[in-house]
Amino acid sequence: MSRGADDAAARVRDLRDAIRHHEERYYIQNDPEISDDEFDRLLHELEQLEADNPDLIAADSPTQRVAGSPIEGFATVEHLMPMLSLDNAYGEDELRAFDDRVRKGAGVGSAAVGYVAELKIDGLSIALTYEDGRLARGATRGDGFRGEEVTANVRTIRAIPLRLRGHVQGRVEVRGEVYLPRAAFARMNQQREVAGEPPFANPRNAAAGTMRNLSPVLVSKRGLSAFTYQLVSLASGGESAEPPGARLHSATLTTMRAWGLPVERHWQPCAGIDEVIAYCQTWAGKRLGLDFDTDGVVVKVDDLAVRERLGSTAKFPRWATAFKFPARQGTTTLRRIAVNVGRTGAVTPYAVLDPIFLAGSTISMATLHNAEDVARKDLREGDRVLIEKGGDVIPKVVKPILPHPEGAVAWQMPAACPVCSSPLRRDEEEVVWRCENTSCPARIQRSLEHFASRSAMNIEGLGESLIEQLIAQGLVRDFADLYKLDATQLENLVVTPREPKSDRSRPRKLGKVGRNVIEQIERSKTNDLSRLIYGVGIRHVGEKAAATLARHFRTMEGVLRASAEMLHTVPEIGPVVAASVRAFADESRNRELVARLQGEGLNMVSQAPPPTSQPGPLAGKVFVLTGTLSDMSREQATEALERLGAKVAGSVSKKTSYLVAGADAGSKLEKARALGVETLDEQAFLQLIIKAS
Ligand SMILES: [Zn+2]
């Protein structure tokens, strides 16, 4: 296909702008706006145009560099050998074209070339240096020449041996990929959601974000894993150097495994390109059953002598290519944009789609994240839309296929809650719209699901559909109502299971199941206080914050009575959580609810050991309090001071460090002045406490 020179130049300019924009989103911000396939297609098109019009090639074209630049915070290290990327192959034809180039370059005529096919791990590339068998350094790929030194983080990944098995002498560089298994990814996003943080878009971004974290302790908890797939032994000095004596890459993989390195086990030697193609076809479907994301197959020439003959271009080795699996994308019609109401009242839009079969399952709904996302993509009801199944099973709407149908209008968040009709509101700093009606049935449903969940009160058997029935039949309106239920009520409760096709879908009595649920509810009364604090669903209070609050304040009463200043003095409790706890406690409805739970016999006391007593920041200081403080009671002030290690005395003496004088301070203030003891008014006192915390 030929184009006019002006057309080509304009298109090249547009492509470069688009690619730079997406590179930034992908490589630097870890927040891509388009799928990897779409990005690759843009790059592919640009490469093609530049190949056809060599005078358009410029040093600053995105095709002229390997990838992004390192981020501040880690030392930059030079790679001993450049970490080249691989050329891509889309479909069977491009694999055959690759094979033709290889056979021609290797001069083998019509004879078949032996390949090794490996699943391509969708993670973060790393280079590991071993010195005399010991892990000496780990570095990210960076721009291919210089990466970030992440040794401390790499060491926390259990799949990576700190010492190789056998006697491996000299310096060896091992290359591989750090990735986040799907289960760890799901767990991590769940925790982020609970903590009110935005979820990661996919495991690759989560792994990259984690490797860039400056705290190895945190990294070790994220569940990263790794696979290695290449050796660069400096003794023999080449990009594809292999262990001494090895002639085949397949032998190297076996050696690496023998050394204790993680090698993905599904790799396969192939006697020619036909076997490679069969392997790619098999895994295009089977990969969904793996516990990690793979976006293709790496095809490498097995014979190392042939590799040497082929060599590399400036960017790619000629002896390898990355086959990309067909996109798990499709187009369908966006029927309707509906909204879902969550536990905190957060209202989030989702797409109702004409059912479409994609990568093994029928999709009729997809997430739309938030109203801004819908506006940015300009999704309208009636649009043809591009749907993509990512690494996880929840599909997403990538974009509308323009133009919009005639008469389609920009979508608006409804003005009222679809469940209870209360007006929706949006906090100024948030993108989230909320239903603020605490009696909204949708909120009650989600709150109860959260209360009963495994990490909260752990009431087994009390799931979504049972809660729905209990609310519908007027038996439960809040947490406390659960403890009013009795076994007979639940045994006789008539429920209709959800699966419409199953035999068990006829309405039936709960029977024995109901009795078990009552036992579980009863058992939950003895849970530790931390579970209850988490379960009542105070905004921003995740599992960890709940445990911290329980440990510090010991009782529910203590938590609810703590002033914002006192909450501030607790390590790990930030201002947002402190304010949220206060807001919860100030709401009389919440206090009544807690009182009713207490009346039902729920444990309100922490069973965890109290915080270890280290010398606090105010250790050795003696305070005397006098007069009336407006923001806190004398008891609260005392507790805050003691938590910080200070002593609180009853009368002023020479040993007194500070006299805290509230309103109407009397003789103590005079005495302090006489003794030259420093006095603090309430404002100064609060500042001192906040500074010390
Ligand atoms: Zn509502």
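Cys435 is buried, since its relative accessible area is 1%, below the 20% cut-off for burial. The structure described here is a predicted model. Cys440 is likewise buried, because its relative accessibility is 0%. Both cysteines belong to a zinc site, where the ion takes its protein donors from Cys417, Cys420, Cys435 and Cys440. Each of these residues contributes its SG atom. The donor atoms lie 2.2 to 2.4 Å from the zinc ion. Along the chain, the donor residues follow the spacing C-x2-C-x14-C-x4-C. The angles subtended by the four donor atoms around the zinc ion run from 97 to 118°. The arrangement is therefore tetrahedral, because four donors count as such if all angles lie between 85 and 135 degrees.

A second site of interest is Val581. This residue lies in helix α21, which covers residues 575-586. Val581 counts as buried because its relative accessibility is 1%, and burial requires a value under 20%. Leaving aside residues up to four places away in sequence, Val581 touches Ile538, Val541, Leu549, Val559 and Leu567. One of these contacts, Leu567, is 14 residues from Val581 along the chain. The C-alpha atoms of Val581 and Leu567 are separated by 8.5 Å.

Further along the chain, strands assemble into a sheet. The sheet is open and consists of four strands in the order β22-β21-β23-β24. Their pairing is parallel. Strands β22 (647-649) and β24 (678-680) form the edges, each pairing on one side only. On average, neighbouring strands of this sheet are turned by 35° against each other, with direction ignored. Strand β21 spans residues 622-626 and is joined to β22 by three bridges. These two strands run parallel. Within this pair, Phe623 stands opposite Val648 of β22.

Two helices that pack on the sheet were also examined. Helix α24, residues 667-675, touches β21, β23 (658-661) and β24. The direction of helix α24 makes about 145° with that of β23. Helix α25, residues 682-692, also packs on the sheet. Its contacts are with β21, β23 and β24. The direction of helix α25 makes about 95° with that of β24.

Notes: Residues are numbered from 1 along each chain as its sequence is written. This is a predicted model: local features need pLDDT of at least 70, side-chain atom pairs count only at pLDDT 80 or more; totals for chains, interfaces and linings use all residues. Side-chain values use heavy atoms; hydrogens and water are left out. Buried means under 20% relative accessible area, exposed over 50%, partly exposed in between (1.4 Å probe, protein chains only). Contact means heavy atoms within 4.5 Å. Donors are N, O and S atoms within 2.8 Å of the metal (3.2 Å for Na, K and Ca); water is not among the atoms, so sites may look incomplete. Four donors count as tetrahedral if all angles lie between 85 and 135 degrees; four count as square planar and six as octahedral if opposite donors are over 155 degrees apart and all others between 65 and 115; anything else is irregular. Two strands pair if DSSP finds at least two bridges between them. Axes are lines fitted to C-alpha atoms, for helices over the stretch in contact, and angles run from 0 to 180 degrees between N-to-C directions.
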